[in-house]
Each structure stands twice: as structure tokens, then as C-alpha cells.
Amino acid sequence: MDAKATNQEETARLTERVRQLLKEKNAVMLAHNYQPPEIQDAADMCGDSLELSIKASKTDAQVIVFAGVHFMAETASILSPQKTVILPRENAGCPMADMIDPQSLAKRKEELPGVPVVTYVNSPAAVKALTDVCCTSANVVKVVSSIEGSEVLMAPDKNLAMFASRQTDKKIHIWEGCCPYHDALTPQDILAAKEKYPNAVVMAHPECRPEVIDMADVALSTSGMLAYPDASDAEVFIVGTEVGILHPLKKRHPNKTFIPASEKLLCQDMKRITLQDVIRSLENMTGVVKVPEEIRVPALSAVEKMTQYVN
């Protein structure tokens with residue numbers, strides 16, 4: 001038996017054990033679109049972080065296994081306080097979420113008295129608790145436009161803030177944070193990809209730099225990217241987001257071709273969780289993420305205000 005077949009057999013064995021444990025523990029497994037293929041294939045649901053947390057909150061499962069990063073597990077805990085939320089690798093973090101903390105946000109709010117705060121869901125729960133309303137990359141324009149007054153403080157992603165500022169009439173105060181992977185994508189990368197695939201449609205994530213978005217045919221969230229090829233006659237797509245999304249794109253659209261805009265778009269944190277980690281965490285019920293009530297309640301308010309703008 002060759003190495004590939006051996007690996008496939010091992011993956012199948014581990015996946016079967018994951019599914020067995022999920023049933024035993026009355027658990028549901030969520031996997032973000034950027035997770036490794038074998039993690040996505042083992043999960044009950046795949047999608048973006050907020051979408052998954054909302055869906056999980058409506059299930060009868062008592063345990064939520066979130067194959068993602070820490071802030072995603074926190075969001076699941078915010079929405080489902082009665083459930084046990086597990087992050088299989090506790091060191092799966094988010095560099096962007098680490099670029100803001102509640103103390104820094106509180107200080108900035110003092111400098112901008114009365115200015116509403118819109119916070120990207122890619123942020124710690126304690127930051128959400130100091131927020132007026134959260135947003136996603138899919139609904140950021142709707143959320144910002146809904147804010148009363150002429151000014152908004154947006155955190156922590158400067159690129160998402162600039163994306164919103166170009167589509168609303170609000171004055172947006174920008175936090176100097178970003179996703180280092182999306183921010184590393186350059187116009188030169190897009191030009192190089194277009195040179196190889198001149199007829200391809202370029203899809204860019206709103207976390208990308210404005211000059212990259214200007215070169216794209218469409219700017220879409222991960223869920224938007226997954227749906228977009230359904231309505232497009234194009235056969236080839238250059239994908240300007242984390243390379244993990246190529247797996248669900250190819251599964252959903254097997255007759256179309258998807259090319260990563262750059263190999264730099266590889267988030268190490270999103271690749272930490274393995275099937276062995278999921279098994280270990282379920283067997284021992286380790287990696288529990290629980291948001292304290294004094295943080296959860298105000299954070300829930302900010303998240304719930306956002307959900308009216310989720311399609």
C-alpha cells in the first residue's frame with residue numbers, strides 16, 4: 001500500500017472515531033472555511049464563524065466543538081451559554097484579534113466621546129463587550145450605514161474599515177489592526193496571477209488592502225465567495241483569501257477552477273487543529289472556552305444587534 005492510500009485509511013479511521021465521539025457526547029462539530037480539508041470533511045457544519053455559531057445555538061447538541069480559532073469559540077459561548085464549547089487547540093489564536101484589547105479600546109473611546117463603536121467579529125469577547133454593534137465582512141456596510149450620527153470608530157481591522165468608508169458617508173476612525181495574511185496580498189500578486197490566468201475572475205476578501213480590492217472583480221466574504229461562482233459564467237477564479245477555502249470551493253463547484261491569489265495566504269493558526277486534537281478534546285472534555293457573564297451579556301447585545309443584518 002502506498003503512502004497516500006495509507007494516509008487516506010488513517011484519516012478515515014480518525015474521522016470515524018470523531019463521529020463516534022460526537023454522537024456519544026451529544027456534540028456538534030463546526031469547522032471554519034479555512035480549516036484543513038480533513039477537518040472540514042469530518043464536521044457537521046462548515047462556514048464562516050458567526051454563521052456557524054448561530055446555527056450551533058439552534059441545535060439540541062449540548063457540546064460545541066469549534067474547529068477554528070479562539071475568538072470563534074468565544075462567540076459560540078456568547079450565543080450558547082448553556083452549552084459546553086470546546087476549542088481543540090487552545091493555542092489556535094488570531095493575530096488580528098490580538099491587535100486589540102479592552103483597555104486600549106476603553107482609552108480610545110475616552111478620546112472619542114459619544115462616537116459609536118463598530119467591532120469586527122474577529123475580536124476578543126471582552127472587546128465586543130465595549131462595543132455598540134459588531135459586524136462581519138459580509139454586512140459591514142449595512143451595519144456602519146445604520147449607525148446614527150456622522151462618525152464611527154471601527155476596530156480592529158483597518159482594511160475592513162477602509163472598505164466600509166468607501167461605501168458609506170460616515171467619518172470612520174480607524175484602528176491600526178489587520179489580518180497579516182490578507183494584508184500581505186499585493187497588487188503585484190494579483191497582476192502575476194492575472195498574467196497566468198487572464199480570463200479569470202478575481203475575488204478578494206474585504207480584509208485585503210484597498211488597492212487589491214480595486215483590482216478585484218468582486219469583494220466578498222468567505223460565504224459570498226462560496227456562493228458567487230453559482231451565478232457566474234466564468235470557469236476560472238483567482239481567490240484572494242486564505243487558501244483553506246479552496247477545498248469547499250472545489251467541492252461545491254467541481255467543474256470550475258480555483259487558483260490562490262498567493263501562497264502567502266496561509267494562516268498558521270487555522271491549520272493547527274488536527275483530527276487527533278478533536279478526538280483528544282472530546283475524550284477528555286478539554287479546551288473548554290467559557291465567557292464570563294459580566295463580559296458575555298454586554299457582548300451578546302453587540303452581537304445580537306448585528307444579527308438583524310445577517311442574511
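**Exercise 1. Find how β9 and β10 pair in this predicted model, and place the pair in its sheet.**

*Solution.*
Step 1. Begin with the two strands: β9, which covers residues 201–204, pairs with β10 in the parallel sense, and two bridges hold the pairing.
Step 2. Pick out one of the residue partners: A204 has A219 in β10 as its bridge partner.
Step 3. Now widen the view. The open sheet contains four strands in the order β10-β9-β11-β12, and the pairing is parallel.
Step 4. Look at the ends of that order: β10 (218–219) and β12 (257–260) are the edge strands, each pairing on one side only.
A reminder for the bench: strands of a sheet pair through backbone hydrogen bonds, either parallel or antiparallel.

**Exercise 2. Which residues do H205 and E207 touch, and are these two buried or exposed?**

*Solution.*
Step 1. Locate them. H205 lies in the loop between β9 and α11, and E207 is in the loop between β9 and α11 (210–215) as well.
Step 2. Check accessibility, remembering that buried means under 20% relative accessible area. H205 has 2%, so H205 is buried. E207 has 5%, so E207 is buried.
Step 3. List the contacts of H205, leaving aside neighbours within four places in sequence: Y34, Y120, S137, H182, I213, L220, S221, T222, M225, G240 and T241.
Step 4. Do likewise for E207, not counting residues up to four places away in sequence: M96, Y120, N122, D157, N159, C179, H182 and D183.
Step 5. Compare the two lists: Y120 and H182 appear in both.
Step 6. Take one of the E207 contacts, D157. D157 and E207 are 50 residues apart along the chain, yet their C-alpha atoms are separated by 7.2 Å.

**Exercise 3. Y120 came up in both lists. Which way does Y120 point from strand β5, and which strands pair with β5?**

*Solution.*
Step 1. Strand β5 spans residues 117–120; V118 and Y120 point one way, while V117 and T119 point the other way.
Step 2. Both sets are buried.
Step 3. For the first partner strand, take β7 (residues 151–155), which pairs with β5 in the parallel sense over three bridges. Here V118 has M154 as its bridge partner.
Step 4. Then take β6 (residues 133–135), which runs parallel to β5 and is joined to β5 by three bridges. In β6, V118 has V133 as its bridge partner.

**Exercise 4. Describe how helices α3 and α4 pack.**

*Solution.*
Step 1. Get the geometry: α3 (residues 49–57) and α4 (residues 70–79) pack at about 35°, with axes 9 Å apart. Their crossing is right-handed.
Step 2. Name the residues that meet: S49, L50, S53, I54 and S57 come from α3, and F71, M72, T75, A76 and L79 come from α4.
Step 3. Sort them by type: six are nonpolar, four are polar and none is charged.

**Exercise 5. What does the whole chain look like in numbers?**

*Solution.*
Step 1. Count the elements: the protein has 15 helices and 12 strands.
Step 2. Check the overall size. A compact globule of 311 residues would have a radius of gyration near 19 Å, and the 20 Å of this protein agrees. The C-alpha atoms fill a box of roughly 65 × 50 × 30 Å along the principal axes.
Step 3. Turn to burial: 56% of the 311 residues count as buried.
Step 4. Finish with contacts between residues at least 6 apart in sequence: 60% of them join residues at least 24 apart.

Terms used
Residues are numbered from 1 along each chain as its sequence is written. This is a predicted model: local features need pLDDT of at least 70, side-chain atom pairs count only at pLDDT 80 or more; totals for chains, interfaces and linings use all residues. Side-chain values use heavy atoms; hydrogens and water are left out. Two strands pair if DSSP finds at least two bridges between them. Axes are lines fitted to C-alpha atoms, for helices over the stretch in contact, and angles run from 0 to 180 degrees between N-to-C directions. A crossing is left-handed if the near helix is turned anticlockwise from the far one by less than a right angle, and right-handed if clockwise. Contact means heavy atoms within 4.5 Å. Ala, Val, Leu, Ile, Met, Phe, Trp, Tyr, Cys and Pro count as nonpolar, Asp, Glu, Lys and Arg as charged, and the others, Gly among them, as polar. The radius of gyration is taken over C-alpha atoms; the globule rule is 2.2 Å times the number of residues to the power 0.38. Buried means under 20% relative accessible area, exposed over 50%, partly exposed in between (1.4 Å probe, protein chains only).
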